[in-house]
Amino acid sequence: MNVSTRDASSLDASELRRLDVAHHLPAHADYRALRDIGGSRIITRGEGVYIFDAEGNAILDAMAGLWCVQIGYGRKELADAAHAQMLQLPFYNTFFKTAAPSTVRLAAKIAQLLGEPLSHVFFNNSGSEAIDTIIRIARYYWQIKGEPDRHVIIARNNAYHGSTIAGTSLGGMQAMQKQGGPWLGGIEHVMQPYRFDEGFDEDPQAFAKRAADAIEERILSVGPDRVAAFIGEPVQGAGGVIIPPEGYWRRVEVICRKYGILLISDEVICGFGRLGRWFGFQRYGIKPDLVSMAKGLSSGYLPISAVGVASHIVEALRSVSGLFIHGYTYSGHPTAAAVALANVGIIESERLVQRTATDTGPYFAAKMAELSEHALVGEARSIGLLGAVEIVARKGSNQRFGGAEGKAGPLVRDICIRRGLMVRAVRDSIVMSHRW
């Protein structure tokens with residue numbers, strides 16, 4: 001059958017699932033299991049907080065797509081912005097000393113939201129590409145400064161920074177690193193600020209200090225003159241919505257400044273209002289040198305990502321002649337930029353960031369607190385519109401079913417989805433990312 005001659009909407013669900021198995025390799029999938037169940041669930045439309053499958057089932061999307069649909073599904077304003085831009089200039093690149101109006105305006109808007117000293121923006125297409133760009137900029141910066149040995153980047157265990165070779169290398173997820181290596185060199189990993197798992201009975205402030213001090217210890221063991229940067233998500237999203245204790249990030253910033261290394265905030269999940277501020281680093285009161293962002297930048301309506309770059313790094317880039325030989329065909333894509341501008345405009349006009357801080361976030365926290373009383377819940381935590389529920393075998397402990405992580409979480413996730421609630425299991429944490 002020549003599929004291209006038929007409107008996909010005219011194909012029934014069983015045929016679409018057959019084609020899925022026959023021709024499609026979905027992301028983050030167990031391909032044998034997907035084949036054995038007859039293919040993916042076919043999602044046909046979205047409206048507000050709901051998605052709908054080909055059988056007509058409504059599912060409350062408690063993952064906001066994949067941590068990204070900030071303003072919900074079906075916003076005509078974003079479709080109109082894409083349509084208007086496509087009629088005027090659907091695509092052009094930024095390679096030839098050229099830039100589209102929507103691209104320039106979006107860069108200026110992002111810089112305004114980031115605040116000083118993050119004055120400039122480099123565009124990419126995904127969070128993974130933003131991370132690749134950050135690695136290139138950070139290491140090139142130190143080359144320009146005459147310190148080429150400063151190439152080591154410190155990240156955290158169980159961190160997620162994308163799925164490219166560079167992103168997987170920088171991330172600290174062991175399951176990912178078992179597939180497809182060898183990995184990029186010059187990367188070190190330290191403990192994560194996951195108190196429920198790694199400091200269950202420890203005083204929160206003592207744990208915050210211990211987790212931050214692990215970074216300083218690694219800097220000293222590697223040698224400060226070899227360390228380029230430290231990177232972390234304000235809240236580790238894909239790692240399990242790991243909310244660091246108060247004081248952790250301020251101490252991390254002090255350590256980075258003490259040794260003159262760059263501080264990188266990965267805002268791919270936390271950016272654009274999830275934590276009740278435009279960016280997560282603002283919630284924790286720190287000032288990074290480089291910031292990655294994606295997902296909520298366009299509410300997932302079109303692929304786009306960006307890197308915020310501090311003025312002192314820009315000054316270094318401008319201090320040398322010659323090309324910075326890095327970029328993508330679709331860097332600063334005019335249509336994606338126009339949609340992102342419209343998305344940010346909606347977030348602003350509907351005061352969604354402020355509402356997260358004062359209304360929806362506190363409401364979500366109150367409802368999560370109710371779950372904490374359940375016999376199988378070891379902790380129900382949230383910050384802004386991110387949340388996680390820890391499934392435990394014994395109340396009052398962090399003991400897992402079967403004595404190992406990852407046995408109960410997938411079972412709970414599947415039950416939730418069968419009952420019309422789309423959530424994600426990260427080991428034995430049920431994680432959520434709500435929209436306004």
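Two strands count as paired here if DSSP finds at least two bridges between them. With that in hand, let's walk through this predicted model, starting with its sheets.

**A four-stranded antiparallel sheet**

One open sheet has four strands in the order β11-β12-β15-β14, and the pairing is antiparallel. At its edges stand β11 (377-383) and β14 (424-426); each has a single partner strand, so one side of each is left without a neighbour in the sheet. On average, neighbouring strands are turned by 25° against each other, direction ignored.

At the β14 edge, the pairing with β15 (residues 429-433) is antiparallel and runs over three bridges. Arg-424 stands opposite Val-431 in β15.

Two helices go with this sheet. Helix α15 (residues 352-371) packs on the sheet and touches β11, β12 (386-391) and β15, with its direction at about 175° to that of β11. Helix α16 (residues 409-418) lies across β12, β14 and β15, and runs at about 175° to β14.

Now for a charged residue in this sheet. Glu-390 is found in strand β12. Is Glu-390 buried or exposed? Its relative accessibility is 0%, so Glu-390 counts as buried. What does the side chain of Glu-390 make a polar contact with? The partner is the side chain of Arg-400, at 2.9 Å. Beyond four places in sequence, Glu-390 also touches a list of residues that includes Tyr-194, Phe-196, Arg-381 and Asp-428.

**Other strand pairings**

A further open sheet of four strands has the order β1-β2-β3-β13, this one with mixed pairing. Its edge strands are β1 (43-47) and β13 (421-422), each pairing on one side only. Within the β1 and β2 pair, Arg-45 stands opposite Phe-52 in β2.

Elsewhere, β9 (residues 290-293) sends Leu-290 and Ser-292 one way and Val-291 and Met-293 the other way, and all are buried. Strand β9 pairs with β8 as well as with β10. On the β8 side, Ser-292 is the bridge partner of Asp-266; on the β10 side, Ala-306 is the bridge partner of Met-293.

Here are some of the pairings side by side:

| Strands | Sense | Bridges |
|---|---|---|
| β1 and β2 (residues 50-53) | antiparallel | four bridges |
| β8 (residues 262-266) and β9 | parallel | three bridges |
| β9 and β10 (residues 305-310) | antiparallel | four bridges |
| β14 and β15 (residues 429-433) | antiparallel | three bridges |

**The cores and helix α10**

In soluble globular proteins, nonpolar side chains tend to be buried together. In this model, the largest nonpolar core has 66 residues, and those with the most contacts inside it are Ile-110, Phe-230, Tyr-248, Val-252 and Leu-386. Which helix gives the most to this core? That is α10 (residues 204-222), with eight residues. A second, separate core of 25 residues includes Ile-135, Ala-229, Ile-231 and Ile-313.

Tyr-248 links nicely to the helix just named: leaving out residues up to four places away in sequence, Tyr-248 touches Arg-156, Pro-193, Ala-208, Ala-211, Ala-212, Ile-215 and Phe-230.

Among the buried residues of α10 are Phe-207, Ala-208, Ala-211, Ala-212 and Ile-215, along with Asp-213 and Glu-216. The buried residues of this helix pack against β5 (152-156), β6 (187-190), α9 (195-198), β7 (227-232) and α11 (248-259).

As a geometry check, the 19 residues of α10 should span 27 Å at 1.5 Å a residue, and the end C-alpha atoms are 28 Å apart, which agrees. The N-terminal end of α10 is capped by Asp-203, with a side-chain oxygen 3.1 Å from the backbone nitrogen of Gln-205. Just after α10, Gly-223 takes a positive phi of about 110°.

**A loop residue with distant partners in sequence**

Phe-91 lies in the loop between α4 (76-88) and α5 (101-114). With a relative accessible area of 31%, Phe-91 is partly exposed, since that class sits between under 20% for buried and over 50% for exposed. Which residues is Phe-91 in contact with, leaving aside neighbours within four places in sequence? They are Thr-329, Tyr-330, His-333 and Pro-334. Phe-91 and Thr-329 are 238 residues apart along the chain, yet their C-alpha atoms are separated by 9.8 Å.

Notes: Residues are numbered from 1 along each chain as its sequence is written. This is a predicted model: local features need pLDDT of at least 70, side-chain atom pairs count only at pLDDT 80 or more; totals for chains, interfaces and linings use all residues. Side-chain values use heavy atoms; hydrogens and water are left out. A nonpolar core is a set of buried Ala, Val, Leu, Ile, Met, Phe, Trp, Tyr and Cys residues joined through side-chain atoms within 4.5 Å. Buried means under 20% relative accessible area, exposed over 50%, partly exposed in between (1.4 Å probe, protein chains only). Contact means heavy atoms within 4.5 Å. Axes are lines fitted to C-alpha atoms, for helices over the stretch in contact, and angles run from 0 to 180 degrees between N-to-C directions. The expected span of a helix is 1.5 Å times one less than its number of residues. A polar contact is a pair of N or O atoms within 3.5 Å; within protein, one must be able to donate a hydrogen and the other to accept it, and residues adjacent in sequence count only if both atoms are side-chain atoms.
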